[in-house]
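Q: I should like to learn how the features of a protein model are read. Could the general idea come before each case?

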Amino acid sequence: ETRELKVTVGRNDEFKYAYRIDDKDAPFDAAGEAWLAEVLVDIIRKTGIGAEERANRILDREGVNGLLEEVQLVESDYVIRIYLGTALSRPDLTPDDCASILEEAALAMDSDYEKAELLLSVAHHRSWSSSLAAAYVDVAATMESDYEIRRSLAAIELDEDTEQGVIDAVLQVAIRMESDYEVAELLIGLAPRCNGSVQLSEMYVQAASGLESDYEARRALSELNWRKGLSSNTVIGALVIAGGLDSDYESAEL
């Protein structure tokens, strides 16, 4: 069954409806209005038209759980990002609410770019908690693009108050990344936080051991503070890497 609706505005700002079903004129009655309402929701879900306003209405009426149920009916990652990003921008959300939203992002979204854009909006506009940071890293871990992973994880605020488990999770993600450049860039950003921890510095070296580029391996390992009492395992791990480098120059520099 093919339906067509043409809406025009008359001289008195009144809507005029020309409604056809299977190429035959039909009255635009209650059944037609119900069809239009269903079609409009589908259009909104697919195109994102009015998505931010609609997300706020759902949040006001049904809360975070209502919005997450709506997201499950949306096919476009771009539109999902608008819905979830709108929720994450609201100051009244609790850290647990934010973590739930990010968990939904990991499940519902396929696009690494859209995931990264959502994470960056979180990084730039919210204060950190352990649950939020852990959920943030979990979303990054679902990505395949090393560039988007590094872009996302580099934005997280990692300081002396960050739980070690969060840094541990970031390093675990770094260990499985394939791009030498992106891994090195991520590790260099983490180096100041890893210098004060035996476990983290050892994981740092483990992540660096996967680098095939002599230049990137030397660049990453040089960022650790070797004058500040790192563990023997960390030093031995770095020396093993240095001994395996093909470039005499990079090995000597390290």
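A: Let us begin with the term pocket: a pocket is an open set of grid points with protein on both sides within 12 Å along at least five of seven lines. The model shown here is predicted.

Q: How much space lies in the largest pocket?

A: The largest pocket holds about 230 Å³ of space. Its lining is made up of 13 residues, and those closest to the centre are Ile82, Gly85, Thr86, Ser89 and Ser121.

Q: Which elements give two or more residues to the lining of the largest pocket?

A: These elements are α2 (51–71), α3 (77–88) and α5 (112–125). The largest share, five residues, comes from α3. By character, the lining of the largest pocket divides into three nonpolar, six polar and four charged residues.

Q: What describes a pair of aromatic rings?

A: Such a pair is described by the distance of the centres and the angle of the planes. In this structure, a search of the whole model finds four aromatic pairs. One of them joins tyrosine 19 and phenylalanine 28, with 5.4 Å from centre to centre and 80 degrees between the planes, and this pair is edge-to-face. Another joins tyrosine 19 and tryptophan 35, which are 5.7 Å apart centre to centre, with 40 degrees between the planes; this pair is tilted.

Q: Where in the chain are tyrosine 19 and tryptophan 35?

A: Tyrosine 19 is in strand β2 (residues 15–21) and tryptophan 35 in helix α1 (residues 30–47), so that their pair links distant parts of the chain, 16 residues apart. A wider grouping is also present: Phe15, Tyr17, Tyr19, Phe28 and Trp35 form one aromatic cluster.

Q: Why is tyrosine 19 counted as buried?

A: A residue is buried when its relative accessible area is under 20%. Tyrosine 19 has a relative accessible area of 4% and is therefore buried. Tryptophan 35 has a relative accessibility of 21%, so this residue counts as partly exposed.

Q: How is the sign of phi to be read in general, and what is the phi of aspartate 13?

A: Most residues other than glycine have a negative phi. Aspartate 13 is not a glycine, yet has a positive phi of about 60 degrees. Aspartate 13 is placed in the loop between β1 (3–9) and β2, and with a relative accessibility of 64% this residue counts as exposed.

Aspartate 22 also has a positive phi, near 50 degrees, and is likewise a residue other than glycine. Its place is in the loop between β2 and β3 (24–26). At 42% relative accessibility, aspartate 22 counts as partly exposed.

Q: Which backbone nitrogen does the side chain of asparagine 195 reach?

A: The side chain of asparagine 195 reaches the backbone nitrogen of asparagine 225, at 2.8 Å. Asparagine 195 lies in the loop between α9 (180–194) and α10 (198–208). This residue is buried, because its relative accessible area is 17% and the cut-off for buried is under 20%. Leaving aside neighbours within four places in sequence, asparagine 195 is in contact with Glu223, Leu224, Asn225 and Leu230.

Serine 213 offers a further case: its side chain reaches the backbone nitrogen of glutamate 216 at 3.1 Å. Serine 213 lies in the loop between α10 and α11 (214–221) and is partly exposed, with a relative accessible area of 24%.

Q: How far apart in space are leucine 119 and arginine 81?

A: Their C-alpha atoms are 9.7 Å apart in space, while the two residues are 38 residues apart in sequence. Leucine 119 is in helix α5 and, at 0% relative accessibility, counts as buried. Not counting residues up to four places away in sequence, leucine 119 touches Leu102, Tyr136, Val139, Ala140, Met143 and Ser152.

Isoleucine 44, in helix α1, may be read in this manner too. The C-alpha atoms of isoleucine 44 and valine 74 are separated by 9.1 Å, with their positions 30 residues apart along the chain. Isoleucine 44 touches Ile49, Arg54, Val79 and Tyr83, not counting residues up to four places away in sequence. At 21% relative accessibility, isoleucine 44 counts as partly exposed.

Key:
Residues are numbered from 1 along each chain as its sequence is written. This is a predicted model: local features need pLDDT of at least 70, side-chain atom pairs count only at pLDDT 80 or more; totals for chains, interfaces and linings use all residues. Side-chain values use heavy atoms; hydrogens and water are left out. Helices (H or I, at least four residues) and strands (E, at least two) are DSSP runs, numbered from the N terminus. Buried means under 20% relative accessible area, exposed over 50%, partly exposed in between (1.4 Å probe, protein chains only). A polar contact is a pair of N or O atoms within 3.5 Å; within protein, one must be able to donate a hydrogen and the other to accept it, and residues adjacent in sequence count only if both atoms are side-chain atoms. Contact means heavy atoms within 4.5 Å. Rings of Phe, Tyr and Trp (its six-membered ring) pair if their centres lie within 6.5 Å; planes under 30 degrees apart count as stacked, over 60 as edge-to-face and the rest as tilted. On a 1 Å grid over the protein atoms alone, a cavity is a set of points where a 1.4 Å probe fits but cannot get out, and a pocket is an open set with protein on both sides within 12 Å along at least five of seven lines; lining residues have an atom within 4 Å of a point. Grid points are joined across faces, edges and corners, and a volume is the space filled by probe spheres set on the points. Ala, Val, Leu, Ile, Met, Phe, Trp, Tyr, Cys and Pro count as nonpolar, Asp, Glu, Lys and Arg as charged, and the others, Gly among them, as polar.
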